[in-house]
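Okay, thanks everyone, let me get the model up on the screen. I'll start with one residue and work outwards from there.

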Amino acid sequence: MKLDIQGLTAADAPTLVLASGLGGVAGFWQPQLAALALRYRVVTYDQRGTGRSAATLPEDYSLARMAAELAEALAQHHITRYSVAGHALGGLIGLQLALDHPDRVERVVVINGWLTLNPHTARCFKVREDLLLQSGTEAFVRAQPLFLYPAEWLAQHQARAEAEERHHQQHFQGAENLLRRLHALKAADFRACAARITQPVLAICSQDDLLVPWSCSAQLAAALPQGQLLTIPWGGHAMSVTDSDNFNTLLLRWLTETAQSACLAAG
């Protein structure tokens, strides 16, 4: 996988890896880059089977495989210590990395994620699968903004939504890859291993998320030894896009506070 690395260049600069959700592409994080690059070496990437990382995924593709691919790519760039901020699937990749490489992962931010799949989210995924399999890529892509954005925001950004729709249709990852990645996502379950994730973890969520109930983040934070919950009232599933200024402020504040706490503990 090709990594995009920007921001601070010093060898000892703190590294922040941004992992996207089911869409998988680095471009999701565009609203965050300018703010984060002032303080971090920021790493983004197209996940295997998406964007510039074209590949046919194996039938047994898993979250553990996704995390291993990212860890390997980072190691190839001599990046062996980092924090991870991930949206939904990307946040779960961060949790898996924290389990599999506790010596490398400093902190994890999970945006609208979960401890285990919620029945409501499973229903939403089933609707999206049915759209893809029965109506095709065009219908799947057209419906996607309904799950990502609040209705009022979407109504005010129709031109943007239409441009995104055209782009996603042209660069669609393929039904087979998407379904295999979705299967891996639905199978992820951290209930039995959450106690072993000892790094600070921020579960941040929006209360109006149509896809993932905000209570899922509360459940995740409660299950983690150093879990923290932060809720915002508005923003939808993609609140890092719809409310980016507020989101960036909250993210940077938490990263700064937890870094300072770690320094005090070490001292």
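So, in which strand is Ser 206 found? Ser 206 sits in β6, the strand that covers residues 201–206. One caution before I go on: what you're looking at is a predicted model.

Is Ser 206 buried or exposed? Ser 206 is buried, because its relative accessibility comes out at 0%, and the cut-off for buried is under 20%. Now look at what surrounds it. If you ignore the neighbours within four places in sequence, Ser 206 is in contact with Asn 112, Trp 214, Ile 232, Trp 234, Gly 235, Gly 236, His 237 and Met 239. Take His 237 from that list: Ser 206 and His 237 are 31 residues apart in sequence, and their C-alpha atoms are 6.9 Å apart in space.

Another name on that list is Asn 112, and I'd like to stop there for a second. Asn 112 is in the loop between β5, residues 105–111, and α4. Asn 112 isn't a glycine, and yet its phi is positive, about 50°. Asn 112 also counts as buried, because its relative accessible area is 1%.

There's another residue to mention on the subject of backbone angles. Which loop holds Ala 88? Ala 88 is in the one between β4 (82–87) and α3 (89–100). Ala 88 has a positive phi of about 50° too, and again we're not talking about a glycine. With a relative accessibility of 7%, Ala 88 counts as buried.

Okay, back to His 237, and across to a helix. Leu 148 lies in α5. Leaving out the neighbours within four places, Leu 148 is in contact with Gly 235, Gly 236, His 237 and Ala 238. So Gly 235, Gly 236 and His 237 turn up in the contacts of Leu 148 as well as in those of Ser 206. Leu 148 is buried, because its relative accessible area is 16%. As for something further off, the C-alpha atoms of Leu 148 and Ile 197 are separated by 28 Å, and those two are 49 residues apart along the chain.

Pro 145 is in α5 as well. At 12% relative accessibility, Pro 145 counts as buried. From Pro 145 to Glu 162 it's 17 residues in sequence, and 9.7 Å in space, C-alpha to C-alpha.

Which brings me to the empty space. How many cavities of 30 Å³ or more does the structure hold? The structure holds one, with about 40 Å³ of space in it. Pro 145 and Leu 148 are both in the lining, together with Val 141, Gln 144, Tyr 149, Ala 161, Glu 164, Glu 165 and His 168. Two helices, α5 (137–148) and α7 (158–170), each supply at least two of the lining residues. Sorted by class, that lining has five nonpolar, two polar and two charged residues.

Then there's the largest pocket, where about 850 Å³ of space lies. It's lined by 40 residues, and the closest to its centre are Gly 23, Val 25, Phe 28, Gln 144 and His 168. Gln 144 and His 168 you've just heard, since they're in the cavity lining too. By class, the pocket lining divides into 20 nonpolar, 15 polar and five charged residues. And which helices each supply at least two residues of that lining? Those are α1 (30–36), α4 (119–135), α5, α7 and α8 (175–187).

While we're at α8, have a quick look at Glu 176, which has its place in that helix. Glu 176 counts as partly exposed, at 43% relative accessibility. Its C-alpha is 24 Å from that of Leu 3, and the two are 173 residues apart in sequence.

Last bit, the overall picture. The protein has eleven helices and seven strands. Its radius of gyration is 17 Å, close to the 18 Å that the globule rule gives for 267 residues, so the protein is as compact as a globular protein of that length. The C-alpha trace spans about 60 × 40 × 35 Å along its principal axes. Of the 267 residues, 52% count as buried. Among contacts with a separation of 6 or more, 77% come from residues 24 or more positions apart. And the protein exposes about 11,900 Å², with carbon and sulfur atoms supplying 52% of that.

That's what I've got, thanks.

Key:
Residues numbered from 1 in each chain as written. Predicted model: local features only at pLDDT ≥ 70, side-chain atom pairs only at ≥ 80, totals over all residues. Heavy atoms only, no water. 1 Å grid on protein atoms, 1.4 Å probe; cavity = no way out; pocket = protein on both sides within 12 Å on 5 of 7 lines; lining within 4 Å. Points joined across faces, edges and corners; volume = space filled by probe spheres on them. Helix = DSSP H or I, 4+ residues; strand = E, 2+ residues; numbered from the N terminus. Nonpolar A, V, L, I, M, F, W, Y, C, P; charged D, E, K, R; others polar. Rg over C-alpha atoms; globule rule 2.2 N^0.38 Å. Buried < 20%, exposed > 50% of the residue type's maximum accessible area, 1.4 Å probe, protein only. Contact = heavy atoms within 4.5 Å. Areas by Shrake-Rupley, 256 points an atom, 1.4 Å probe, with all protein chains shown as cover.
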